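Colleague: I am new to this model, and I would like to understand how its descriptive terms are reached. Could we take them one by one, with the cut-offs beside the values?

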Amino acid sequence: MSKDTSILTLKDVRYRWSGRASFELSVPQFSVNRGETVLLLGESGSGKSTLLSLICGTIIAQNGIVDVGGTDIGALSARERDQFRAEQIGLIFQQFNLLPYATVLDNILLPLRFAKSRRQAVPSPNAMASQLCDELGLPSDVIHARAGTLSVGQQQRVAAARALIGNPPLIIADEPTSALDAATQLTFLKLLFDQSRQHDTTLLMVSHDARLADQFDRVVKMSDVAENKRETT
Ligand SMILES: Nc1ncnc2c1ncn2[C@@H]1O[C@H](COP(=O)(O)OP(=O)(O)OP(=O)(O)O)[C@@H](O)[C@H]1O
């Protein structure tokens, strides 16, 4: 696919959390091209997680359009949004959100249960899970271990494998390296980029850590994307 077609476009988006009049996220225009790796930088409270939630369709903008891969997220029902997210977006959260008592294998295979297109992209799920573990530098014997018994860095890689399996077109990562030390952060990012490029996946990551900037195709500051309202009381 061409690298200059947009996979994500926000236009005239506004969002206000209910009961939180002091903050409004306002994004006149923001887009990400297919295959790009984009780092969205912003200070705490600038609305990075809110923006990611809008893109993932876990919340819906009160104004404007959030278009992911040609689909207007706001036009979908809640159920359609859940399905759309499972099919189109690989998620890596700050706290990884792994099932601690499930095995590494079951954690990695989880998205395939909910997303037909991702399931169809993986004819041999167990073999693909092992391959991803291998490529992400996880020892082969951890695949049958409970996820909760792994180190933080290892859990991070399991979360990345879970996001990557079945080649979703978009990977969204919310501060995925914040729990890692500097050296492990860079190793993890390199592995994530290698995998994203190999599968022509778009990567949008948010962070407040500007030291990561060199690693990405493009760096965008929240203050350039959003005209937020933050009243002082
Ligand atoms: N679930 C929620 N309910 C109500 N208000 C919320 C909710 N989540 C975030 N907010 C508010 O929205 C504003 C932006 O928060 P958000 O978490 O999006 O910022 P952030 O840039 O991701 O911050 P951080 O880097 O600290 O995670 C804050 O004022 C916050 O209190």
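Colleague: Why are α6 and α7 called roughly parallel to each other?

Modeller: The axes of helix α6 (residues 152–164) and helix α7 (residues 182–198) cross at roughly 15°, where axes are lines fitted to C-alpha atoms, for helices over the stretch in contact, and angles run from 0 to 180 degrees between N-to-C directions. Angles under 35 degrees count as roughly parallel, over 145 as roughly antiparallel, 65 to 115 as roughly perpendicular and the rest as oblique, and α6 and α7 are therefore roughly parallel to each other. Helices (H or I, at least four residues) and strands (E, at least two) are DSSP runs, numbered from the N terminus. This is a predicted model, in which local features need pLDDT of at least 70 and side-chain atom pairs count only at pLDDT 80 or more, while totals for chains, interfaces and linings use all residues. Residues are numbered from 1 along each chain as its sequence is written.

Colleague: Which residues of α6 and α7 meet?

Modeller: Gly 153, Gln 156, Arg 157, Ala 160 and Leu 164 of α6 meet Thr 184, Phe 188, Leu 192 and Gln 195 of α7, a contact being two residues whose C-beta atoms, placed from the backbone, lie within 7 Å. By class, the contact of α6 with α7 has four nonpolar, four polar and one charged, with Ala, Val, Leu, Ile, Met, Phe, Trp, Tyr, Cys and Pro taken as nonpolar, Asp, Glu, Lys and Arg as charged, and the others, Gly among them, as polar.

Colleague: What makes Phe 188 count as buried?

Modeller: A residue is buried if 20 or more other C-beta atoms lie within 10 Å of its own, exposed if 12 or fewer, and partly exposed in between, with C-beta atoms placed from the backbone. Phe 188 has 20 C-beta neighbours inside 10 Å and therefore counts as buried. Leaving aside neighbours within four places in sequence, Phe 188 is in contact with Gln 156, Arg 157, Thr 177 and Leu 180.

Colleague: Are Asp 12 and Glu 175 buried or exposed?

Modeller: Asp 12, in strand β1 (residues 6–15), has 12 C-beta neighbours inside 10 Å and so counts as exposed. Glu 175, in the loop between β7 and α7, is partly exposed because 18 other C-beta atoms lie within 10 Å. Neither is a glycine, yet phi of Asp 12 is near 50°, a positive value, and Glu 175 has a positive phi of about 50°.

Colleague: Why are α3 and α5 called oblique to each other?

Modeller: The axes of α3 and helix α5 (residues 125–135) come within 10 Å and cross at roughly 120°, which falls in none of the named ranges, and α3 and α5 are therefore oblique to each other. The contact is made by Leu 105, Ile 108, Leu 109 and Leu 112 of α3 and Pro 125, Asn 126, Ala 129 and Leu 132 of α5. Seven of these residues are nonpolar, one is polar and none is charged.

Colleague: What surrounds the ligand?

Modeller: A residue is near a molecule if its C-beta atom, placed from the backbone, lies within 6 Å of it, and the residues around the ligand include Trp 17, Arg 20, Phe 23, Lys 48 and His 208. Helix α1 (residues 48–56) gives the most to this shell, with three residues, and the shell divides into two nonpolar, eight polar and two charged.
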